[in-house]
Amino acid sequence: MNTANGTDPNHAFRSGFVAILGAPNAGKSTLLNRLLGQKISITSKKPQTTRNRILGVVHRTGSQMVFLDTPGIHRAKNPLNARIVDAALSTLSEVDLVLLVVDSQTPDELSEQLLRDKLSQQRIPVLLALNKIDQVQRPALLSQIERWSGLSPFAAVVPISAKNGEQVDRLMDAMEAILPAGAPFFPPESVTDLPTRFIAAEMIREKAIRLTGQEIPYAVAVTIDSFKEDKKGALIRIHATIHVERDSQKGIVIGRQGAKLKQIGEAARQEIEKMLDTNVFLKLFVRVQKNWTRDTKALRKFGY
């Protein structure tokens, strides 16, 4: 019997992969960051912020949970969104448990129905997390719990607030109880399998999304042109390009006399420095890649 990490020999160590699924803006990435105790997945109030599968590892005394944060499930209308949804649904073949995250404040009924249809075709246990309970009155929450409990045979239904951490420990306990017995998949120091360059690019994209208007988020991609250590690791020099689809969007990202680009760069630099725990020099460029969200070649180039 596995006694990894000093667990009680009378209780098997549990480990497994958990797919975090939900509609856009349900709070999946906020929840993953909360579970990990640090930020690896970018967040914003604008839908479709997450575009790639993000892996995060949570180490507990009696278990190791490997989470796959996925893009929001929705009815895709263009090639980029179709790839985003495919990336999310592809995780179902890899996991031991699905954590379905639902926005209890502002439900997305069309996307939630699509999710239920997809999950009904699987034999994987599904645990429901009703998120954003800090923004919902108790009678409305109880009504939602009753409604959802009658829709599918969930392994458990746990109301939570990913934002403030309410009931997240209870959610972790519920997931741990479902996972199979087994050895850890990752060493104790592992938090993610993502390259630092990828996370840095995502942090730049997050700031571009948050600091610009409604037109920009869906048209932004970020590539790292160079990532070099200087002064024996005391300084990291990063050159990155923000790609947009139209000249008008380039003007918005750069801003008057470069003010907006400077603001994006400063906010991103501070977050990257926090992640790397060292000084960072960040140089940003903006380039127009015409209609890249509809261009298969460009989608591959940007990692979608």
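# Helices, sheets and loops: how do we know?

Student: What makes us call helix 6 largely enclosed by the rest of the structure?

Tutor: Count its residues: 11 of the 15 in helix 6 are buried, so the helix is largely enclosed. Keep in mind as we go that this is a predicted model.

Student: Which residues of helix 6 are buried?

Tutor: The buried ones are I199, A200, A201, E202, M203, I204, R205, E206, K207, A208 and I209. To earn the word "buried", a residue needs under 20% relative accessible area.

Student: And what do the buried residues of helix 6 pack against?

Tutor: They pack against strand 7, strand 8, strand 9 and helix 8 (259-276).

Student: How do you know whether the span of helix 6 agrees with its 15 residues?

Tutor: Take the expected span, 1.5 Å times one less than the number of residues. For helix 6 that should give 21 Å, and its end C-alpha atoms are 21 Å apart, so the two agree.

Student: Which strands does helix 6 sit beside, and how are they ordered?

Tutor: Let's start with the sheet: 3 strands form an open sheet in the order 7-8-9, with mixed pairing.

Student: Why are strand 7 and strand 9 called edge strands?

Tutor: Strand 7 (221-230) and strand 9 (279-288) each pair on one side only. From one strand to the next, the twist averages 15°.

Student: What makes the pairing of this sheet "mixed"?

Tutor: Look at each pair of strands. Strand 8 (residues 235-244) and strand 9 run parallel, joined by 10 bridges. Strand 7 and strand 8 run antiparallel, joined by 9 bridges. At least two bridges are needed for strands to count as paired. As examples, H239 stands opposite K283 in strand 9, and A221 has H243 in strand 8 as its bridge partner.

Student: Which helices pack on that sheet?

Tutor: Helix 6 (residues 196-210) touches strand 7, strand 8 and strand 9, and its direction makes about 125° with that of strand 7. Helix 7 (residues 247-254) packs there too, touching strand 8 and strand 9, at about 155° to the direction of strand 9.

Student: How many residues lie between strand 7 and strand 8 in their hairpin?

Tutor: There are 4 residues between them, and K231 in the turn has a positive phi of about 55°.

Student: Why point out a positive phi?

Tutor: Because most residues other than glycine have a negative phi. K132 is another such case, with phi near 70°. K132 lies in the loop between strand 5 and helix 4. D277 has a positive phi of about 55° as well, though it is not a glycine, and D277 is found in the loop between helix 8 and strand 9.

Student: Are K132 and D277 buried or exposed, and how do you know?

Tutor: K132 has 18% relative accessibility, so it counts as buried, the cut-off being under 20%. D277 has 71%, so it counts as exposed, for which the cut-off is over 50%.

Student: Why is helix 1 called roughly perpendicular to helix 5?

Tutor: Helix 1 (residues 28-36) and helix 5 (residues 168-178) pack at an angle of about 85°, with their axes 11 Å apart. Angles of 65 to 115 degrees count as roughly perpendicular, which makes that the right label for helix 1 and helix 5.

Student: Which residues meet there?

Tutor: From helix 1 come L31, R34 and L35, and from helix 5 come V168, L171 and M172. This contact of helix 1 with helix 5 divides into 5 nonpolar, no polar and 1 charged.

Student: In what order do the 6 strands of the open sheet run?

Tutor: The order is 2-3-1-4-5-6, and the pairing is mixed. Strand 2 (54-59) and strand 6 (156-159) are the edge strands, each pairing on one side only. Within the sheet, strand 1 and strand 4 run parallel and are joined by 5 bridges. V18 has L97 in strand 4 as its bridge partner. Helix 3 packs on this sheet, touching strand 1, strand 4 and strand 5, with its direction at about 165° to that of strand 4.

Student: Which residues of helix 3 are buried?

Tutor: In helix 3 (residues 109-119), the buried residues are S111, E112, L114, L115, R116 and L119. They pack against strand 1 (14-22), strand 4 (97-103), strand 5 (126-131) and helix 4 (138-149).

Terms used:
Residues numbered from 1 in each chain as written. Predicted model: local features only at pLDDT ≥ 70, side-chain atom pairs only at ≥ 80, totals over all residues. Heavy atoms only, no water. Axes fitted to C-alpha atoms, helices over the stretch in contact; angles between N-to-C directions. Helix = DSSP H or I, 4+ residues; strand = E, 2+ residues; numbered from the N terminus. Parallel < 35°, antiparallel > 145°, perpendicular 65-115°, else oblique. Contact = heavy atoms within 4.5 Å. Nonpolar A, V, L, I, M, F, W, Y, C, P; charged D, E, K, R; others polar. Buried < 20%, exposed > 50% of the residue type's maximum accessible area, 1.4 Å probe, protein only.
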